[in-house]
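Trainee: Got a minute to go through a model with me? I would like to start with a single residue and work outwards.
Mentor: Go ahead and put it up.

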Amino acid sequence: MGNTVVVGAQWGDEAKGKIIDCLAHDKDVVVRWGGGSNAGHTVIVGDQEYKLHVVPAGVLNPHTLNVVADGVVIDPAGFTAEIEGLRGRGIACDNLKISGNAHVVLPYHSLLDQLEERRKGGKAIGTTGRGIGPVYQDKAARIGIRMRDFTDRSAFPDLLAHVLSIKNELLTKIYGVEPLDAKKIVADYAPFADKLRPFVDDTAIVVARAARSGKSVLFEGAQGTLLDIDLGTYPYVTSSHPTAGGATVGTGLGPTQIDSIIGVAKSYTTRVGAGAFPTELEDEIGSLIRERGKEYGTTTGRPRRCGWLDGIALNYSALVNGLTSLALMHLDVLSGFPEVKICTSYEFDGKKISDFPSDQGRLSRCKPIFESFPGWQEDVSNAKSWDDLPDNARRFAETVERIAEVPVKILSVGRRRDQTIFRD
Ligand code: IMO
Ligand code: MG
């Protein structure tokens, strides 16, 4: 398969972690290109469940090099805790590298994230509160602190003092809260810097050299296409580029090095946080999907908003990512419904449209037009091949590929590795 990008095709939480873990086995390098601890990736191996946020899901394979690349933002406390948690469970994490260019999330970022959400009131984004917006803001404003500087004992205190002089003006004069103390942050964060220093490297070169020498690279997406800061449902988005293009910018590997792009999508749709969601079901069916699919956030525990599969959004996602195939997840969750639905067009100001309007203004005025399909009553969680699936489930998957205009090559019928169907 060469170098493969795995990208979330919806609003995040598509079970990307499971697909990364499944595909990482025959990859030499797994590289995470964007986002931070707003992500929550669950991987099940045997009877063990791992909840990862920034550490790439390939870390469970000791022979795979795992890279946290340039486009990622790292909260040193959370990241250290993640590594130590894994080590406590026998995962050595020796196969891990962090880009010196990755920006560091510091206490003022999460504080400002939460204060800003509060200030927005009814217009809040519903962020994860992990400082993601503010840290990417600093990166763009060129006042961010990167891993290389953070782990440099002589550079960090001065850099922090400079940035904090700006942030404290904001905190005290705009938000009316207490200023933060630079010396205290330096002291509190020194142990994290010590623990993370050995992992820091020029990962763009490491990854590009690996690819050039014929090694295979798996790009681990976080978040989802519809949360992309440019291509997503702005302003209800995250602040990075979860779309496939982000994989090259965020890692330093050129677009010519990518051989395939797999979009991961659930058999239905979920969204956490605010923003338009045309196929949302605020009824018993929505609750049933939530309970059966365990649709509660890995990072924040929030109940996810649930609805039928949005084919218009999925077609858009296939288009803007240049998907070469789809992984259709959680097919087992739809077992037992008498009928299942897919949104195949929207009604927008009295007209029928089939192109996804990615801005909140237009999307919030769209009403879904559904096509109904007979459901399948059989439990599919033991299906091992395409032929094991009930006719109606196969017809559903075929409809998804027709609407998305991309073949469904992987189907997931449960959370475990062995509950995955690969179609060739
Ligand atoms: P994974 O990798 C689902 C959502 C938040 C919020 C918006 C902005 O698990 O798929 P942020 O904290 O990023 O500023 O919040 O983006 N969001 C996610 N939703 N899965 C994620 O990641 C998400 N990361 C961010 O809920 O609506
Ligand atoms: Mg998540």
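**A loop residue, the domains and the ligand**

Mentor: Threonine 151 sits in the loop that runs between α5 (147–150) and α6 (156–174). Keep in mind that this is a predicted model.

Trainee: Is threonine 151 buried or exposed?

Mentor: Threonine 151 has 9% relative accessibility, so it counts as buried; the cut-off for that is under 20%.

Trainee: Which backbone oxygen does its side chain reach?

Mentor: The backbone oxygen of arginine 148, at 3.3 Å from the side chain of threonine 151.

Trainee: And what does threonine 151 touch, not counting residues up to four places away in sequence?

Mentor: With those left out, threonine 151 touches Ala193, Leu196, Arg197 and Val200.

Trainee: Changing topic. How is the protein split into domains?

Mentor: The domain assignment gives domain 1 as 4–89 + 203–422 and domain 2 as 103–198. Their C-alpha centres are 29 Å apart.

Trainee: How many residues are in contact between domain 1 and domain 2?

Mentor: On the domain 1 side there are 28 residues, in contact with 21 residues of domain 2.

Trainee: Where does ligand 1 lie relative to the two domains?

Mentor: Between them, because domain 1 and domain 2 both give residues to the shell around ligand 1.

Trainee: How many residues surround ligand 1, and which are the closest?

Mentor: 21 residues surround ligand 1, and the closest are Asp13, Lys16, His41, Thr128 and Thr238. By class, the shell has eight nonpolar, ten polar and three charged residues.

Trainee: What about polar pairs with oxygen atoms of ligand 1?

Mentor: A polar backbone atom of aspartate 13 is 2.7 Å from an oxygen atom of ligand 1. For histidine 41, a polar side-chain atom lies 2.7 Å from a ligand 1 oxygen. Arginine 302 has a side-chain N or O atom 3.0 Å from an oxygen atom of ligand 1. As for cover, ligand 1 taken alone exposes 550 Å², and the protein buries 98% of that.

Trainee: One more residue. Where is leucine 253?

Mentor: Leucine 253 is in the loop between α9 (244–249) and β11 (260–266). Its relative accessible area is 3%, so leucine 253 is buried.

Trainee: What does leucine 253 touch, again not counting residues up to four places away in sequence?

Mentor: Leucine 253 touches Val207, Ala208, Ala211, Phe219 and Thr248. Also, the C-alpha atoms of leucine 253 and arginine 212 are separated by 9.8 Å, with their positions 41 residues apart along the chain.

Note on methods: Residues are numbered from 1 along each chain as its sequence is written. Chains are lettered from A and ligands numbered from 1 in the order in which they are written. This is a predicted model: local features need pLDDT of at least 70, side-chain atom pairs count only at pLDDT 80 or more; totals for chains, interfaces and linings use all residues. Side-chain values use heavy atoms; hydrogens and water are left out. A residue is near a molecule or strand if one of its heavy atoms lies within 4 Å of it. A polar contact is a pair of N or O atoms within 3.5 Å; within protein, one must be able to donate a hydrogen and the other to accept it, and residues adjacent in sequence count only if both atoms are side-chain atoms. Accessible areas come from the Shrake-Rupley method with a 1.4 Å probe; for residues, only the protein chains shown count as cover. Ala, Val, Leu, Ile, Met, Phe, Trp, Tyr, Cys and Pro count as nonpolar, Asp, Glu, Lys and Arg as charged, and the others, Gly among them, as polar. Domain bounds come from an automatic or database domain assignment. Helices (H or I, at least four residues) and strands (E, at least two) are DSSP runs, numbered from the N terminus. Buried means under 20% relative accessible area, exposed over 50%, partly exposed in between (1.4 Å probe, protein chains only). Contact means heavy atoms within 4.5 Å.
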